[in-house]
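Colleague: Please take me on a close look at the polar and charged contacts in this model, starting at the ligand. I would like to follow them atom by atom with the structure open beside me.

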Amino acid sequence: MPAPDRRVLILGGTADARKLSALLEEHGVRTLTSLAGITSNPAPPAGEGRRGGFGGVPGLTEFLEQEQFDAVCDATHPFAAQISAHAATAAKAVKVPLLRIERPAWVPGINDHWTIFGRVAGAVAGIARGAHVLLTIGRKEAAAFFARPDLTGVARMIEPFEGEPPPRWRIVLERPPYSLEDEIRLLQSERFTVLVTKNSGGNSMRAKLDAARAVQCPVIMIARPGKPPVDTESTPERAALRLLAMLNA
Ligand code: NAP
């Protein structure tokens, strides 16, 4: 058991963050999970919660100084590059240990037809002319795809798109997990000619890739942005073990 009053800041916004808060609280560690505040009705964490940005590196540094956490765990989404960079800089400045949960990226198998792009702009330009697209990258960067006049498609997202998509596009609001059967049905229902996705990794979203392989639908894969080199663990379970060992020491 860690010493009483040990407290960890979890940077959240993912199921991994919720799992980590539950595991640490079960083992007597107090947690404060921070969310950006962009998702409506997020599932609550096991311990305390807060919402909203910190105000860049200065704000996060001040917050860490004031709250005196024993450790910080960055359990943000693989594409949330800014907050991870801020966490690395602020944690170093106040000398608080930082661990990041980095779920393994998806890798293509021999029957997959992926084209990988490092940036959204490259992915937009790389889609074949006149394609019918299943777009599963969230709402933030969808507009770049909507702007290509020759494309049609469906954009699946959790939170509503801000603005009006062109009439050639339909928005579908849905939350994961999705089953393989449903993903195959969806890909076949409209004869999509390409699936566009980000390399989020993890199991809850990978059914779309298995479905694309099953129906031989080409995939445009957007690679992850770089994050600072800090200590990482691949799962919330491993992160909890590592943090508990650190807090015991
Ligand atoms: P981002 O570009 O890395 O961060 C933008 C700004 O949002 C940060 O500078 C920070 O504001 C604030 N922020 C982000 N995460 C925060 C957190 N956990 N607590 C407090 N403030 C936070 O992040 P993003 O890509 O917009 O993602 C926002 C959140 O949604 C993340 O927590 C992420 O885990 C979750 N999410 C993202 C994706 C995705 O595809 N990007 C998918 C699923 C979930 P200040 O500079 O003011 O501190």
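Modeller: Happy to. A polar contact here is a pair of N or O atoms within 3.5 Å. Please keep in mind that this is a predicted model.

Let's start at the ligand with histidine 77, where a polar backbone atom is 2.8 Å from an oxygen atom of the ligand. That pair counts as a polar contact because 2.8 Å falls within the 3.5 Å limit. Glycine 55 also uses its backbone: one of its N or O atoms lies 2.9 Å from a ligand oxygen. With lysine 140 you should look at the side chain instead, as a polar atom there lies 2.8 Å from an oxygen atom of the ligand. Lysine 140 is also listed among the nearest of the 22 residues around the ligand, together with Gly12, Ser34, Phe54 and Lys198.

From the ligand, please move on to aspartate 150, in the loop between α5 (142-146) and β8. Its side chain reaches the backbone nitrogen of glycine 130 at 2.9 Å. The side chains of aspartate 150 and arginine 148 are joined by a polar contact of 2.6 Å. These two residues also form a salt bridge, with that 2.6 Å being the distance between the closest N and O atoms. Side chains of opposite charge can pair when their charged atoms come close. Is this pair buried or exposed? Aspartate 150 counts as buried because its relative accessibility is 17%, under the 20% cut-off. Arginine 148, at 14%, is buried too.

Now that salt bridges have come up, a search of the whole structure finds 18 of them. One of these joins arginine 156 to glutamate 174, with the closest N and O atoms 4.0 Å apart. This pair links distant parts of the chain: arginine 156 sits in strand β8 (residues 152-157), and glutamate 174, 18 residues apart from it, in the loop between β9 (169-173) and α6 (180-189). Arginine 156 is buried at 6% relative accessibility, whereas glutamate 174 is partly exposed, at 37%.

In helix α6 you can find arginine 185 and aspartate 182, whose side chains meet in a salt bridge of 2.8 Å, N to O. They are 3 residues apart in that helix, so about one helical turn separates them. Arginine 185 counts as exposed at 52% relative accessibility, and aspartate 182 is partly exposed at 39%. For a set that goes beyond a pair, look at Asp231, Glu233, Arg238 and Arg242, which are linked in a network of salt bridges.

One last stop, if you have a moment, is the empty space. The structure holds 1 cavity of 30 Å³ or more, and about 40 Å³ of space lies in the largest cavity. Its lining includes Asn111, Asp112, His113 and Trp114, as well as Leu209, Ala212 and Arg213. Helix α7 (residues 207-215) gives the largest share of that lining, 3 residues. By type, the lining divides into 5 nonpolar, 3 polar and 2 charged residues.

Key
Residues are numbered from 1 along each chain as its sequence is written. This is a predicted model: local features need pLDDT of at least 70, side-chain atom pairs count only at pLDDT 80 or more; totals for chains, interfaces and linings use all residues. Side-chain values use heavy atoms; hydrogens and water are left out. On a 1 Å grid over the protein atoms alone, a cavity is a set of points where a 1.4 Å probe fits but cannot get out, and a pocket is an open set with protein on both sides within 12 Å along at least five of seven lines; lining residues have an atom within 4 Å of a point. Grid points are joined across faces, edges and corners, and a volume is the space filled by probe spheres set on the points. Helices (H or I, at least four residues) and strands (E, at least two) are DSSP runs, numbered from the N terminus. Ala, Val, Leu, Ile, Met, Phe, Trp, Tyr, Cys and Pro count as nonpolar, Asp, Glu, Lys and Arg as charged, and the others, Gly among them, as polar. Buried means under 20% relative accessible area, exposed over 50%, partly exposed in between (1.4 Å probe, protein chains only). A residue is near a molecule or strand if one of its heavy atoms lies within 4 Å of it. A polar contact is a pair of N or O atoms within 3.5 Å; within protein, one must be able to donate a hydrogen and the other to accept it, and residues adjacent in sequence count only if both atoms are side-chain atoms.
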